[in-house]
Amino acid sequence: MERIVRYLASDDMKGRGFGTEEGRTAARFVAGQFEKFGLKPGGESNTYFQKFGNGFNVLGVLEGRKHPDTHIVISAHHDHLGEKDGRIYNGADDNASGVAMLLELAEAFSKASKPNYSILFISFEAEELGKGMAGSRYFVRSGLYDTKKFRAMICFDLVGGNLFEWEDRKVYAFGSEHCERLSKKLSSHIGQARAVSDYLDVTKVGVYLIEPLGQSIARSDYAGFRDAGVPFVFFTTGTPWYYHTTEDDADKLNYRKMEMLGRFLFDFIKDISQDEGQFYFSPEIATDRIDALNIAKILDGILLHKVSLTLDKRTEKYIIEKLPLVKRMASGEVSMDKQLIQWLTARIMVIAAKSRR
Ligand SMILES: [Zn+2]
């Protein structure tokens with residue numbers, strides 16, 4: 001995966017801006033890989049492409065044995081910010097890492113025994129454009145596929161970093177709470193992975209945590225699929241200090257973690273591609289006190305490592321004040337205060353963004 005990240009995030013690719021020649025080069029590269037792995041063209045007119053503005057969504061299909069018309073969507077986005085004021089935004093973590101993961105899985109599944117359901121691999125265009133997720137929202141609206149027949153959607157956006165330096169094994173999995181069966185499957189794989197090795201720590205979290213302004217301000221390509229009622233999981237290692245800066249470079253990434261995550265994802269996706277149970281989407285979800293537990297863990301980590309962080313006194317005082325309450329939510333002593341943990345999550349992201357290392 002490192003080779004792919006280094007290629008896509010090289011200066012020659014000029015940050016893969018939407019509608020640029022380099023953006024199209026990235027799309028053609030993904031299509032070439034899909035072809036090499038023997039995936040069927042999944043785009044318009046029997047090609048790997050769906051045209052979107054001056055760019056392309058790239059689609060490849062691995063046909064299912066028993067349910068070829070039902071798809072599991074695996075996705076990332078290949079575009080990034082391009083160039084601004086003569087400076088290149090390489091976007092190694094965002095999202096060359098996700099594309100590398102997508103291709104790693106496409107290759108692994110193409111060599112494995114056929115899944116029961118079809119797997120549709122998509123590299124989206126224009127995630128970074130305007131209000132965001134333009135390529136994936138266009139795909140959902142376009143009618144190229146019947147989204148009612150999508151069993152699940154798995155997306156990767158920034159899967160190669162460490163949100164904080166001590167999170168070198170951590171990966172967050174958002175959104176499975178919208179589908180009970182998918183959520184249970186994810187939990188069981190997390191448990192199995194932990195039993196085998198403590199190298200990878202996949203943590204399941206409610207997606208509402210990173211959407212304090214509501215579902216209309218979503219964080220990645222899952223948004224359009226959720227609106228269409230497709231169960232989803234959004235995997236990310238979070239937005240470290242270099243997020244959307246010119247320093248999001250290939251040298252910053254944790255390739256060991258990416259390899260471990262790749263193995264985890266293969267097993268997880270293989271399971272949902274063999275399982276015959278129905279996946280139902282529930283729009284309304286209850287807050288889970290596990291989310292409070294996970295936020296408490298991060299806040300404990302921040303206080304423990306505060307010397308290495310940019311943490312102002314006021315924020316520190318606020319965390320110290322609220323942490324006991326969050327822990328009582330986690331233990332079930334008090335009921336969940338959704339707004340408070342959303343607010344604390346936002347503070348955590350600000351601390352991560354400010355703490356250059
Ligand atoms: Zn992104």
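**Exercise 1. Helix α3**

Helix α3 is mostly covered, since 15 of its 20 residues are buried (under 20% relative accessible area; exposed is over 50%, partly exposed in between; 1.4 Å probe, protein chains only). This is a predicted model, in which local features need pLDDT of at least 70 and side-chain atom pairs count only at pLDDT 80 or more, while totals for chains, interfaces and linings use all residues. Residues are numbered from 1 along each chain as its sequence is written, and side-chain values use heavy atoms, with hydrogens and water left out.

Task: Compare the reach of α3 with its expected span.

Solution.
1. The helix covers residues 92–111; helices (H or I, at least four residues) and strands (E, at least two) are DSSP runs numbered from the N terminus.
2. From first C-alpha to last, α3 reaches 27 Å.
3. This is close to the 28 Å expected, the expected span being 1.5 Å times one less than the number of residues.

**Exercise 2. The zinc site**

Task: Identify the protein donors of the zinc ion and classify their arrangement.

Solution.
1. The donors are His77 through NE2, Asp94 through OD, and Asp157 through OD, listed twice, at 2.1 to 2.7 Å from the ion. Donors are N, O and S atoms within 2.8 Å of the metal (3.2 Å for Na, K and Ca); water is not among the atoms, so sites may look incomplete.
2. Along the chain, their spacing reads H-x16-D-x62-D. Histidine 77, in strand β4 (residues 67–77), and aspartate 157, in the loop between β8 (150–156) and β9 (170–174), are 80 residues apart and link distant parts of the chain.
3. The arrangement is irregular because the 4 donor atoms subtend angles of 52 to 146° around the zinc ion. Four donors would be tetrahedral with all angles between 85 and 135 degrees; four would be square planar and six octahedral with opposite donors over 155 degrees apart and all others between 65 and 115.
4. Histidine 77 is buried because its relative accessibility is 0%; aspartate 157, at 3%, is buried too.

**Exercise 3. Salt bridges**

Task: Determine which partners glutamate 21 has and where the partner of aspartate 275 lies.

Solution.
1. The count is 21 salt bridges, each a side-chain nitrogen of Lys or Arg within 4 Å of a carboxyl oxygen of Asp or Glu.
2. Glutamate 21 pairs with arginine 24 at 3.2 Å; both lie in helix α2 (residues 21–36), 3 residues apart, about one turn of the helix.
3. Glutamate 21 also meets arginine 28, at 2.9 Å from N to O. Glutamate 21 is partly exposed at 41%, as is arginine 28 at 44%.
4. Aspartate 275 and arginine 181 form a salt bridge of 2.7 Å. Aspartate 275 sits in the loop between α7 (255–274) and α8 (289–304), and arginine 181 in helix α5 (residues 180–196), 94 residues away.
5. Aspartate 275 is buried at 10%, whereas arginine 181 is partly exposed at 35%.

**Exercise 4. The largest cavity**

Task: State the volume of the largest cavity and which element gives the most to its lining.

Solution.
1. There are 2 cavities of 30 Å³ or more, and the largest has a volume of about 50 Å³. On a 1 Å grid over the protein atoms alone, a cavity is a set of points where a 1.4 Å probe fits but cannot get out; lining residues have an atom within 4 Å of a point.
2. The lining includes Phe109, Pro115, Phe266 and Lys270.
3. Helix α7 gives the most, with 4 residues.

Key. 1 Å grid on protein atoms, 1.4 Å probe; cavity = no way out; pocket = protein on both sides within 12 Å on 5 of 7 lines; lining within 4 Å. Points joined across faces, edges and corners; volume = space filled by probe spheres on them.
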